[in-house]
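Please open the structure in a viewer and keep the selection tool at hand. The tour below proceeds stop by stop, stating at each one what to select and what is found there.

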Amino acid sequence: MRLSKLNIKKINLNDVENKYSVQDILLKLGELYQFESGIYGYGNLWSKLQHNIEKIIIEELDKEDCIQVEFPKLQPKKIWEQSNRWDVYTKEGDIMYTLDNNLGEYGLAPTAEECATLFGSNRLPSYKNLSTTYYQIGEKFRKEIRARGFLYRPRTFVMMDAYSFDKNEDEMHKSFKKMHDVYLRIFERIGINIIPVISDGGTMGGRVSEEFQAFTEFGEDVILYDEKSHVGINKEVLEFDDKDTFINAFGVSDLKNLKEYRSLELGNNFELGTKYSDSMKLYYIDENNEEKPYYMGCYGIGLGRIIAVILENSVIKDNDKIKGFVLPYNIAPYKVHIIYNEDNKDDAEKLYKMLLDNNISTILDDRDNLSLGNRINDVYVLGTPKMIILGNRFDKEIYELEDSKTKEKKLLKIEELINNLK
């Protein structure tokens, strides 16, 4: 990408807010645009970062033979009435945006259990078709009364949601465990230290629920965590009437070993049982040619929240002053940033083309009338993990590759440089 085409705004890092500093940098650059509270447009950097994370999620789900699909964002009222959740989401909880016109009443999808159950029952008529898990990645809509923290709690957000179908409770448990393991691999590849936590099933239905929480001082939840057993509990579970039975089912025997931490939920898994197949009267035919309800699970990962956590974890400070951020190399939208003075413009163009030809995503700072110092500063407001500076010391043969975070430098010939970046 030629930086002249990105048209980023000039910003003063002294004006960046301390709490959500990297998201505020992107907002001031114009890479995030707030249409109103909780509703954003996403620029090049955010969109490409999201694509890289989606790729990891898709790869890990596909390894387990999960099937990618897409459900409508505009959902008819009648299917939510089948599951008895229309009033729960529109009146009691006031969660779902609704539309009412001459064609009927509709809701903008906050989730997709109803669509998934209808879709699955159409594709999975027999026990021979089970176990099956469908997943999609797309935008969701929720009426947050107080949107806050940029993408920590917006009103529209991108989410991966998956739905498993099984013939009995034991098979449902296996699907739940499979998705647990998939989530751990996804977060490990993304680079977020995640803690699986016991939680409440809420409006989804089902009693067994598991959150995937990331420790952060900006988190909205309080979790109780045992560092030895690596078991966590959302503190709200302690308010349940049947909390002892519920907690013991997850192997927690002594609450004294648990310490409080602030955290942010990035994913959530639920065992739904037969809630939706029973309420919507959708069944499969078993081995004895009898109708039986599907045992279902649902699984969600919030991509916007994941990106927000990654960004805020990537902040770089210099003497307690915010300098910018540096993204992890494996998920960064652009791996390397080329900076040059005017004498080396042709060499920079040649290098840029060569890196692109080798499928190395690269930023070329081709803007006019800027010093090398100003160009280097902008590496840190774009989060690029590596930089190459073609300055006065460049000898046309040896390239200096610098790690933006550690400042480690390597002197490399062109073949070595390409291999290193690959």
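## The whole chain

Begin with the complete chain, displayed as a cartoon: 13 helices and 23 strands are present. This is a predicted model, with a mean pLDDT of 91 for the chain and 96% of its residues at 70 or more. Along the principal axes, the C-alpha trace spans about 80 × 50 × 40 Å. Of the 422 residues in the chain, 52% are buried. Among contacts between residues at least 6 apart in sequence, 68% join residues at least 24 apart.

Next, colour the chain by pLDDT. Where is confidence lowest, and where is it highest? The lowest mean, 69, belongs to helix α8 (residues 243-248), and the highest, 98, to strand β3 (residues 67-68). Where pLDDT is low, the predicted coordinates should not be read in detail.

## Strand β16 and its two partners

Select residues 295-302, which form strand β16. Is this strand largely enclosed or largely open? Seven of its eight residues are buried, so β16 is largely enclosed by the rest of the structure. The cut-off behind that statement is a relative accessible area under 20%.

Add strand β8 (residues 156-166) to the selection; β8 and β16 pair in the antiparallel sense over eight bridges. Within this pairing, Asp161 stands opposite Gly300 of β16.

Then add strand β13 (residues 259-273), which runs antiparallel to β16 and is joined to it by six bridges. Here Gly273 has Met296 in β16 as its bridge partner. Strands of a sheet pair through backbone hydrogen bonds, either parallel or antiparallel.

## A three-stranded open sheet

Clear the selection and choose β4, β6 and β5. In that order, these three strands form an open sheet with antiparallel pairing. The edges are β4 (74-76) and β5 (98-101), each of which pairs on one side only. Neighbouring strands in this sheet are turned by 30 degrees against each other on average, with direction ignored.

Focus on the β4 side of the sheet. Three bridges join β4 to the antiparallel strand β6 (residues 104-108). Select Pro76 and look across to β6, where Tyr106 stands opposite.

## The crossing of α2 and α10

Two packed helices are described by the angle between their axes and the distance between the axes. Select helix α2 (residues 21-29) together with helix α10 (residues 303-313): their axes come within 7 Å and cross at roughly 100 degrees. This angle makes α2 roughly perpendicular to α10, because angles from 65 to 115 degrees are counted in that class.

Show the side chains at the crossing. From α2, the residues in the contact are Ser21, Val22, Gln23 and Leu26; they meet Ala308, Leu311 and Glu312 of α10. By class, the residues of this contact comprise four nonpolar, two polar and one charged.

## Backbone features in loops

Most residues other than glycine have a negative phi, and most peptide bonds are trans. Three places in the loops merit inspection against that background.

- Select Leu130 and Ser131: the peptide bond from Leu130 to Ser131 is cis, with omega near 10 degrees. Ser131 is in the loop between α6 (113-123) and β7 (132-141).
- Select Asn359, in the loop between α11 (345-357) and β20 (362-364). Although Asn359 is not a glycine, its phi is positive, at about 60 degrees. Is Asn359 buried or exposed? With a relative accessibility of 75%, Asn359 counts as exposed.
- Select Lys407, in the loop between β22 (399-403) and β23 (409-412). Lys407 also is not a glycine, and has a positive phi of about 70 degrees. Its relative accessible area of 38% makes Lys407 partly exposed.

## Two C-alpha distances

For the last stops, display C-alpha atoms and select pairs. Asp62 lies in helix α3 (residues 44-63) and, at 37% relative accessibility, counts as partly exposed. Its C-alpha atom is separated by 9.8 Å from that of Tyr135, which is 73 residues apart from Asp62 along the chain.

Finally, select Ser229 in the loop between β11 (221-226) and β12 (231-234). Ser229 is partly exposed, its relative accessible area being 40%. How many residues apart along the chain are Ser229 and Asn257? The two are 28 residues apart, and their C-alpha atoms are separated by 9.3 Å.

Technical notes:
Residues numbered from 1 in each chain as written. Heavy atoms only, no water. pLDDT = per-residue confidence, 0-100. Helix = DSSP H or I, 4+ residues; strand = E, 2+ residues; numbered from the N terminus. Buried < 20%, exposed > 50% of the residue type's maximum accessible area, 1.4 Å probe, protein only. Pairing = 2+ DSSP bridges. Axes fitted to C-alpha atoms, helices over the stretch in contact; angles between N-to-C directions. Parallel < 35°, antiparallel > 145°, perpendicular 65-115°, else oblique. Contact = heavy atoms within 4.5 Å. Nonpolar A, V, L, I, M, F, W, Y, C, P; charged D, E, K, R; others polar.
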